[in-house]
Amino acid sequence: MLRVQALSKSYRLNRNRIPVLKGLSLEVCSGEMAVIMGPSGSGKTTLLNCISGIDAPDDGNVILEGQIVDYNSEYERTLLRRRRIGMVFQFFNLMPTLTVHENVALPFMIAGQRGADSIARVQEVLREVGIKQRSDHHPFQLSGGEMQLVSIARALVHRPDLLLADEPTGNVNPRVGRYIMEILRRAVEREGVALLMVTHSPEHAAWADRVCFIKDGTIVAELHQGGRRDDVALIHEQLLRLNI
Ligand code: ADP
Ligand code: MG
C-alpha cells in the first residue's frame, strides 16, 4: 500500500542545511499497523508530513498503491489529503469555531459533498468512536481525550487507504489512550486501513504488527510481532539497546 524509498529531507538554518531524513525507507501494507519509535528530533513528524504532502521530500519516492506521488504538484498533494490519507495529530488540530459535527464534516465540505449521505456518514463515524452525543459541542467544551476522538473521526470519515497518526495518545489519559488504540486497531482490521503511527509508549506500540525504530533520520531496527500484545518487554529492551 505505502512504500517509502530512500526519502531525504533537510531544513535550511541560516546558511546551513540540516539533514533530518537521511534516505529513509519503509513499507506498510493494507490491513497492517506499523509503529515508529524514536527520540525527539529524530524526524518522525517530518516523515509523516513528507508522506502526507504537508511538507515535500527533497529526494526519494513515496509510492501509494504502486503510483509515485508527485509532490511538486499542488493539486496532487491536495487530492492526497482529501481522498486517500487521514491524519491524526498530537494536538488534535480541530477548528475551534466549528462544532464536533462540523469538524468531522469538514473534509466533505471542502470537497463540496454536502449531501444526506455525507451527513449520515459523519454521524456513523461519530457513533463508532463513541462521541456522537457530543455532536453539537464545540472543542473547548470537550476534554483532551474527547477532542482526540473527534479528530480520529475526522481522519476516518472519508474512508482513507492510509492513516497517519502522530503521537495520537500523547496528550490523553491512559484509559482513553487504550480506547484510542482499540479504535485504530479496528480501522486496520475491519476496514483494511494501512496505519503508520508514531508513539513513545511501548504499551501502545505493542498493538502494532511491526515496530520501526528511527534514529537520526533512518530506520535502525525493526521488530515484527504480528499484533501480539505481550511483546512490551521486547520493545522496552530494543529501546534500551538503541539508547532511545
Ligand atoms: P520528531 O517528530 O522525531 O521529534 P521532527 O521531525 O519534528 O522530530 O524534527 C526533526 C528535526 O527537524 C528537529 O531537529 C527539528 O528542529 C527540525 N525541524 C522540523 N521542522 C522544521 C522546520 N520547518 N524548519 C526547520 N527545522 C525543522
Ligand atoms: Mg514529532
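This tour moves through the structure one selection at a time, beginning at the ligand and ending at exposed sites. The model is predicted.

**Ligand 1 and its shell**

Begin by selecting ligand 1 and displaying the residues around it: Tyr11, Val20, Pro39, Ser40, Gly41, Ser42, Gly43, Lys44, Thr45 and Thr46. Colouring this shell by class gives 3 nonpolar, 6 polar and 1 charged residues. Helix α1 gives the most to the shell, with 3 residues.

Next, display the distances between the ligand and three of its neighbours. At glycine 43, a backbone N or O atom lies 3.1 Å from an oxygen atom of ligand 1. At lysine 44, an N or O atom of the side chain is 2.8 Å from an oxygen atom of the ligand. At threonine 46, a polar side-chain atom lies 2.5 Å from an oxygen atom of ligand 1. A surface drawn on the ligand alone would expose 560 Å², and the protein buries 55% of that.

**Helix α1**

Now select residues 44-52, which form helix α1. Of its 9 residues, 8 are buried. The buried ones are Lys44, Thr46, Leu47, Leu48, Asn49, Cys50, Ile51 and Ser52. Extend the selection to the residue that follows the helix: glycine 53 has a positive phi, near 90°.

**The nonpolar cores**

Move on to the largest nonpolar core, which holds 49 residues. Which of its members touch the most other members? They are Met33, Phe213 and Ile235. Select isoleucine 235 and show its contacts beyond four places in sequence: Met37, Pro202, Ala205, Ala206, Val211, Phe213, Leu223 and Gln225. Apart from this core lies another, of 28 residues, with Leu2, Leu26, Ala56 and Ile214 among them.

**Glutamine 238**

Select glutamine 238 in helix α8. Is this residue buried or exposed? Glutamine 238 counts as buried because its relative accessibility is 11%, below the 20% limit for that class. Outside the four nearest places in sequence, glutamine 238 touches Phe213, Ala221 and Leu223. For leucine 223, measure the separation in the viewer: its C-alpha atom is 8.6 Å from that of glutamine 238, with the two residues 15 apart along the chain. Both Phe213 and Leu223 also appear in the contact list of isoleucine 235.

**Two further buried positions**

Go to threonine 99, in the loop between β6 (85-88) and α3 (100-110). Threonine 99 is buried, with a relative accessible area of 13%. Leaving aside neighbours within four places in sequence, threonine 99 is in contact with Ser135, Asp136, His137 and His138.

Then select serine 118, found in helix α4 (residues 116-128). The relative accessible area of serine 118 is 7%, so this residue is classed as buried. Its contacts beyond four places in sequence are Phe108 and Gln113.

**Glutamate 189**

Select glutamate 189 in helix α6, which spans residues 174-191. Its relative accessibility is 54%, so glutamate 189 counts as exposed, the limit being over 50%. Show the side chain of arginine 185 as well: the side chain of glutamate 189 makes a polar contact with it at 2.7 Å. Then add serine 30 to the selection. Glutamate 189 and serine 30 are 159 residues apart in sequence, while their C-alpha atoms are 9.3 Å apart in space.

**Positive phi outside glycine**

The last two stops concern backbone angles. Select arginine 159, in the loop between α5 (144-156) and β7 (162-166). Arginine 159 has a positive phi of about 50°, although it is not a glycine. At 48% relative accessibility, arginine 159 counts as partly exposed.

Finish at asparagine 243, in the segment after α8 (232-241). Here phi is again positive, about 60°, and asparagine 243 is not a glycine. How is asparagine 243 classed, buried or exposed? Asparagine 243 is exposed, with a relative accessible area of 64%.

Methods:
Residues numbered from 1 in each chain as written. Chains lettered and ligands numbered in written order. Predicted model: local features only at pLDDT ≥ 70, side-chain atom pairs only at ≥ 80, totals over all residues. Heavy atoms only, no water. Buried < 20%, exposed > 50% of the residue type's maximum accessible area, 1.4 Å probe, protein only. Helix = DSSP H or I, 4+ residues; strand = E, 2+ residues; numbered from the N terminus. Near = heavy atom within 4 Å. Polar contact = N/O pair within 3.5 Å; in protein donor to acceptor, adjacent residues only side chain to side chain. Areas by Shrake-Rupley, 256 points an atom, 1.4 Å probe, with all protein chains shown as cover. Nonpolar A, V, L, I, M, F, W, Y, C, P; charged D, E, K, R; others polar. Contact = heavy atoms within 4.5 Å. Core = buried A, V, L, I, M, F, W, Y, C linked by side-chain atoms within 4.5 Å.
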